[in-house]
Amino acid sequence: MTAGEKAKAKTEQAKGKVKAALGSTIGNDRMATEGQSEKSTGDAREAKEKTKDAFKH
């Protein structure tokens, strides 16, 4: 996994997790949903990079 892509995936995951938690806490369903979506995007990016690494070796 390239360092840049790994960092981008982790950033998306963390940002999404915080946004989802904040949205849930303040009762903003839209923000919570957007946060979950961002976290899922980060999860997918990380999975893609891990798959690429698996076939590289």
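**View A. Buried residues of helix α1 in this predicted model.** Six names are worth finding here: Ala-9, Glu-12, Gln-13, Gly-16, Ala-20 and Gly-23 are buried in α1. An α-helix has 3.6 residues a turn, so residues three or four places apart point the same way. What do the buried residues of α1 pack against? They pack against helix α2, residues 29-56.

**View B. Helix α1 from end to end.** Helix α1 covers residues 3-26, which makes 24 residues. At 1.5 Å a residue, α1 should span 34 Å. The C-alpha atoms at its ends are 34 Å apart, so the expected span and the model agree.

**View C. Gly-27, just after α1.** Here the helix has ended, and Gly-27 follows. Gly-27 takes a positive phi of about 80°.

**View D. Glu-46 and its polar contact with Gln-13.** Glu-46 belongs to helix α2. Is Glu-46 buried or exposed? Its relative accessible area is 14%, and buried means under 20%, so Glu-46 counts as buried. The side chain of Glu-46 meets that of Gln-13 in a polar contact of 2.9 Å. Gln-13 is one of the buried residues of α1.

**View E. Glu-49 and its polar contact with Lys-52.** Glu-49 also sits in helix α2. Its relative accessible area is 2%, which is under the 20% cut-off, so Glu-49 is buried. Which side chain does the side chain of Glu-49 contact? That of Lys-52, through a polar contact of 3.3 Å.

How values were computed:
Residues numbered from 1 in each chain as written. Predicted model: local features only at pLDDT ≥ 70, side-chain atom pairs only at ≥ 80, totals over all residues. Heavy atoms only, no water. Helix = DSSP H or I, 4+ residues; strand = E, 2+ residues; numbered from the N terminus. Expected span 1.5 Å × (residues − 1). Buried < 20%, exposed > 50% of the residue type's maximum accessible area, 1.4 Å probe, protein only. Contact = heavy atoms within 4.5 Å. Polar contact = N/O pair within 3.5 Å; in protein donor to acceptor, adjacent residues only side chain to side chain.
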